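Open the model in your viewer and keep the selection panel at hand. The tour goes through helix packing, then the empty spaces.

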Amino acid sequence: MPAINIPTIPAKTIVTRVQGSYNWFSVDYNMNIYRGCPHGCIYCDSRSDCYRNFDFGTVKAKADALRIIRNELRRKVRTGVIATGAMSDPYNPHEQELRLSRNALELINAFGFGVSIATKSPLAARDADILQDIKAHSPAMVMFSVTTADDKLCKLLEPDVACSSERFDALEQLACAGIFCGVLMMPILPFINDTPENITGILHRAKDAGAAFVYPSFGVSLRSGNREYFYHHLDSHFPGLRQMYASRYGNMYQCHSPHNRKLWATFMSTCEQLGLLHRMDDINKRLRTGYADRQLRFM
């Protein structure tokens, strides 16, 4: 087990069962080894006041994480797909040294589980070898979050994480290794990256890199705490947009692009043209193909 040289927090459980008829990429369990995120994305909902107990900018590792994960996987009655990356990127900069996510993948492989990874970090490509081993018996998928095909705009929106082109390069490495890969095209921010050119740019880059699917969300969520932070950065980088947001959305939580209908039409037609999956049911079907005889829940 690696020596932890970042702050730690106690944890009683790490691999938790997904409740109800949750269909997000056919996952059965959630796993977060880290807490906090250093990416600095100006739109992140985790800054909202409702998460005030969440020390957003400081990455912490869950103490004794690998032992907890090992014991929990050993006790599971059913195998299944374990999702990671929902609340904290499993490939934050500390992972390069700590290798907690890599070691967790080794445990996932040893106990016969599958994995679904969401990340913004090219470091995920490091673990292609373990993902190949997992793929031999269970679904293995990596999804890279991408908001724009323009690296300069990316660095304004997500200043402390690898630019989009580096994520596409990592996706290509994993796809070439035979891993099922895709892009989470979200958020698409009103008046900033909600253009047909950006949508088609992401889709073409994804296809060229070997992505099997792109799953989108056109809009952004804004709540108290996050809204103020977001508006501050709008004033710095996009003068005048604060007033447009305030006028159109007020205190709304879900702020959809005014161009949604046009963007969806562009998105759908380009996906069909490029042969990219984009419907959740189709993505899940492709992900589970070949594993029907496994003791996995795909609902």
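Start by selecting helix α1, residues 65-75, and helix α3, residues 100-110 of this predicted model. The two pack at an angle of about 15 degrees. Their axes lie 10 Å apart. An angle under 35 degrees counts as roughly parallel, so α1 and α3 are roughly parallel to each other. α1 passes α3 in a right-handed crossing.

Now show side chains at this contact. From α1, pick Leu66, Ile69, Arg70 and Leu73. From α3, pick Leu100, Asn103, Ala104, Leu107 and Ile108. Colour the contact by class: seven residues are nonpolar, one is polar and one is charged.

Keep α3 on screen and add helix α4, residues 128-135. The angle between α3 and α4 is about 15 degrees, and the axes are 9 Å apart. α3 is therefore roughly parallel to α4. Which hand does the crossing of α3 and α4 have? The crossing is left-handed.

On the α3 side of this contact, select Arg102, Leu105, Glu106, Ile108 and Asn109. On the α4 side, select Asp129, Ile130, Leu131, Asp133 and Ile134. By class, the contact of α3 with α4 has five nonpolar residues, one polar and four charged. Leave Ile108 highlighted: this residue of α3 is in the contact with α1 and also in the contact with α4.

Next, go to helix α7, residues 196-209, and to α10, residues 260-274. Here the packing angle is about 25 degrees, with 9 Å between the axes. That makes α7 roughly parallel to α10. The crossing of this pair is right-handed.

Select the α7 side of the contact: Pro196, Ile199, Thr200, Leu203, His204 and Lys207. Then take the α10 side: Lys262, Leu263, Thr266, Phe267, Thr270, Cys271, Gln273 and Leu274. The classes are seven nonpolar, five polar and two charged.

Switch from packing to empty space. How many cavities of 30 Å³ or more does a search of the whole structure find? The search finds one. The space in this largest cavity is about 30 Å³.

To see the cavity walls, select Met31, Ile33, Thr84, Tyr91, Ser101, Ala104, Leu105 and Ile117. α3 gives the most to this lining, with three residues. Six of the lining residues are nonpolar and two are polar, while none is charged. Two of the names have come up before. Ala104 lines the cavity and is part of the α1 contact. Leu105 also lines the cavity and is part of the α4 contact.

The last stop is the largest pocket, which holds about 1200 Å³ of space. Its lining has 43 residues. Centre the view on Asp45, Gly85, Ala86, Ser145 and Met186, which lie nearest the pocket centre. Then colour the elements that give two or more residues to the lining: β6 (81-84), β7 (114-119), β8 (140-145), β9 (180-188), β10 (213-221), β11 (254-256) and α10. Which element gives the most? That is β10, with six residues.

Finish by colouring the pocket lining by class. There are 24 nonpolar residues, 16 polar and three charged. With α10 still selected, turn the view between its two settings: the helix packs with α7 and also gives residues to the pocket lining.

How values were computed. Residues are numbered from 1 along each chain as its sequence is written. This is a predicted model: local features need pLDDT of at least 70, side-chain atom pairs count only at pLDDT 80 or more; totals for chains, interfaces and linings use all residues. Side-chain values use heavy atoms; hydrogens and water are left out. On a 1 Å grid over the protein atoms alone, a cavity is a set of points where a 1.4 Å probe fits but cannot get out, and a pocket is an open set with protein on both sides within 12 Å along at least five of seven lines; lining residues have an atom within 4 Å of a point. Grid points are joined across faces, edges and corners, and a volume is the space filled by probe spheres set on the points. Helices (H or I, at least four residues) and strands (E, at least two) are DSSP runs, numbered from the N terminus. Ala, Val, Leu, Ile, Met, Phe, Trp, Tyr, Cys and Pro count as nonpolar, Asp, Glu, Lys and Arg as charged, and the others, Gly among them, as polar. Axes are lines fitted to C-alpha atoms, for helices over the stretch in contact, and angles run from 0 to 180 degrees between N-to-C directions. Angles under 35 degrees count as roughly parallel, over 145 as roughly antiparallel, 65 to 115 as roughly perpendicular and the rest as oblique. A crossing is left-handed if the near helix is turned anticlockwise from the far one by less than a right angle, and right-handed if clockwise. Contact means heavy atoms within 4.5 Å.
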